[in-house]
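Okay, hi everyone, thanks for squeezing me in. I'll put the structure up and then walk you through the parts I'd like you to look at.

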Amino acid sequence: MSSDRTQTLASWTYEMATAYTRSAKVMSNTAKHFSHVRHKNPKASPAYLATSNTPSIKGNDSHRLLIILDLNGALVSKTGKSGMWVRPHYTEFLEYLFDQFEVGVWSSARQNTVSNMCQLFGNFKKQLLFTWSRENFGLSEDDYLRNISTIKDLQLVWKSLEDNPDMPSYTAYNTILLDDSSSKAALQPFNSIAISEFNHKDTEKQMNGDNELLDVIAYLEQAKYENNVSNFMKRNPYKTDLVNSDEVTERDFESTHFRYSDAKQTLGDLRNTAGLTHDGVSRRRTLEKKRPGHRKYRKSKKTSSSPVTPQL
Ligand SMILES: [Mg+2]
């Protein structure tokens, strides 16, 4: 066999091997993508739909609803594994929530990450009814390790609370899930507030700030007087921009950075998040030390309010 023919044969063999590897990868990814569909039936049950069609009555007294909070994307934006930015207005939001409602956490992150993110609750942490993580989805070992779409079945929460004699009965009548992903609520779609995603790198947030948590407070202020929130929310789905949509304030840009290792908090500005290193040290502050005449930093520091602490 001539050396030319040997080279051509080698080249074909190489191409065939590459094509085989590529198609195997595509098949493996497709299997991963549909694995949750194969195992779950993400459809609201007839019983749930009947509940959501039962007319809600608005009363004069408010109900102590159960609010289940997602963390990443809803309340926080992670900076790698070392820390997170927390959504503007979160202290006001937590004060309101823990005063008026029962509050639980359900995140699809793993327990250790959830525990780190829960630093944002400060002294409210001990009032959380439950802190659920990826371990609470009933996933198979394979799915637990894969990056699959998860569904938050509120039935699991309701069942876990029904044995507690100190708790009222929680059902679709009085539970609200707050999550930046509406697909998480596929089984109880009318009990969900689909909040916009909070990502500190989002240029829209950096330009316009974020007051979505104030919108959520305004919505909950209506929902708490209803005796069937699933019906109320079906008829009045949550929409953003209920409050001062055009009026942007300095507070809309105030985001607090938490460093997990020592819970150190640093007040930041969404317009300048690039100025904060991953471990929460301000590059601007370092710059200021080196260049005392750097007036721009001093000016922006003056206009921002004092650091917010969660010790409330
Ligand atoms: Mg999320």
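Before anything else, one term: two strands count as paired if DSSP finds at least two bridges between them. With that in hand, look at strand β7, where Ser 192 is the bridge partner of Leu 177. Leu 177 belongs to that story because strand β6, residues 175–179, runs parallel to β7 and is joined to it by 3 bridges. And just so nobody forgets, what you're seeing is a predicted model.

Let's zoom out for a second. The protein chain has 312 residues, and 34% of them are buried. In it you'll find 11 helices and 9 strands. If you take the contacts with a separation of 6 or more, 71% of them are between residues 24 or more positions apart.

Now, the sheets. The pair I started with sits in an open sheet of 5 strands, and the pairing there is parallel. Reading across, the order is β5-β4-β1-β6-β7. At the edges are β5 (131–132) and β7 (192–194), each of which pairs on one side only.

What about the other sheet? That one is open too, with 4 strands in the order β2-β3-β8-β9, and its pairing is antiparallel. Its edge strands are β2 and β9 (264–269). From one strand to the next, the twist averages 25°.

Let's go through that second sheet bit by bit. Strand β2, residues 76–79, and strand β3, residues 83–86, run antiparallel and are joined by 4 bridges. Find Lys 78 on your screen: standing opposite it in β3 is Met 84. The hairpin of these two strands has 3 residues between them, and Gly 80 there takes a positive phi near 65°. Over on the other side, β8 (residues 254–259) pairs with β9 in the antiparallel sense, over 6 bridges. One example: His 257 has Thr 266 in β9 as its bridge partner.

Okay, the inside. Which residues have the most contacts inside the largest nonpolar core? They're Ile 67, Leu 69 and Leu 178, in a core of 51 residues. Helix α8, residues 212–223, gives the largest share of this core, with 6 residues. Let's click on Ile 67. Not counting residues up to four places away in sequence, Ile 67 touches Leu 97, Phe 101, Val 103, Ile 176 and Leu 178.

Last stop: two loop residues. Leu 187 is in the loop between β6 and β7. Is Leu 187 buried or exposed? It has 20 C-beta neighbours inside 10 Å, so Leu 187 counts as buried; the cut-off for that is 20 or more. Leaving aside neighbours within four places in sequence, Leu 187 is in contact with Pro 42, Ala 44, Ile 151 and Asp 153. Also, have a look at Tyr 48: it is 139 residues from Leu 187 in sequence, yet 8.5 Å away in space, C-alpha to C-alpha.

Then there's Ile 57, in the loop between α2 (46–52) and β1 (66–69). Why does Ile 57 count as exposed? Because Ile 57 has 11 C-beta neighbours inside 10 Å, and 12 or fewer means exposed. Ile 57 has a partner from far along the chain as well: Asn 228 is 171 residues away, and their C-alpha atoms are separated by 7.1 Å.

That's my tour, so go ahead and ask me things.

Notes. Residues numbered from 1 in each chain as written. Predicted model: local features only at pLDDT ≥ 70, side-chain atom pairs only at ≥ 80, totals over all residues. Contact = placed C-beta atoms within 7 Å. Core = buried A, V, L, I, M, F, W, Y, C linked by C-beta atoms within 7 Å. Axes fitted to C-alpha atoms, helices over the stretch in contact; angles between N-to-C directions.
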